[in-house]
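The following paragraphs lead the reader through selected features of a predicted model. The sequence and structure are shown first.

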Amino acid sequence: MAETDVKIIVQIKDCIEQCGGNYPSWYVGLAEYPEEKLDAHSVNLDKDRYIYLTATCIEDARSIEHYFVTRMGTDGDTRGSNDEKALSIYAYEKSATTNP
């Protein structure tokens, strides 16, 4: 794993830990335009807890997403994005108003 991958993982883990550390209550995914994707999940950007960071390549982004879903137990789709421009890794805390 590249150094930038590790930094992104640490930043996302820090965010989740600061919000209580309940990994299964978070969703992690990939997007070219993360704010649009968060909106599609009904995340309120003013009130809900979320983070997004940009990887250097799609392989790194997929690796980070896979790490959170398979090793840390977050919700998400490990099939990976077919969009080669989906370099942003986003994570949000699921709630009664988000989808999922």
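Once neighbours within four places in sequence are set aside, D5 is in contact with D60 and I64. D5 itself belongs to helix α1. Although D5 is buried, it has no salt bridge; the nearest side chain of opposite charge is that of K7, 11 Å away.

The helix that carries D5 may be considered next. Helix α1 comprises 16 residues, from 3 to 18, and spans 22 Å between its first and last C-alpha atoms, close to the 22 Å expected at 1.5 Å a residue. Its buried residues are D5, I8, I9, I12, C15 and I16. Viewed down the axis of α1, these buried residues fall within an arc of 125°, and they therefore line one face of the helix. A general property of helices is relevant here: an α-helix has 3.6 residues a turn, so residues three or four places apart point the same way. On the other side of α1, E3 and Q18 are exposed.

What covers the buried residues of α1? The covering elements include the strands β1 (26-31), β2 (50-54) and β3 (88-93), together with helix α3 (58-71). Just after α1, G20 adopts a positive phi of about 115°.

A second helix provides a further point of reference. A40 lies in helix α2, which covers residues 34-40. The relative accessibility of A40 is 53%, and A40 therefore counts as exposed. Along the chain, A40 and T98 are 58 residues apart, while their C-alpha atoms are separated by 8.9 Å.

Technical notes: Residues numbered from 1 in each chain as written. Predicted model: local features only at pLDDT ≥ 70, side-chain atom pairs only at ≥ 80, totals over all residues. Heavy atoms only, no water. Helix = DSSP H or I, 4+ residues; strand = E, 2+ residues; numbered from the N terminus. Buried < 20%, exposed > 50% of the residue type's maximum accessible area, 1.4 Å probe, protein only. Expected span 1.5 Å × (residues − 1). Arc of directions from axis to C-beta. Contact = heavy atoms within 4.5 Å. Lys, Arg positive; Asp, Glu negative; His and termini not counted. Salt bridge = Lys/Arg side-chain N within 4 Å of Asp/Glu carboxyl O.
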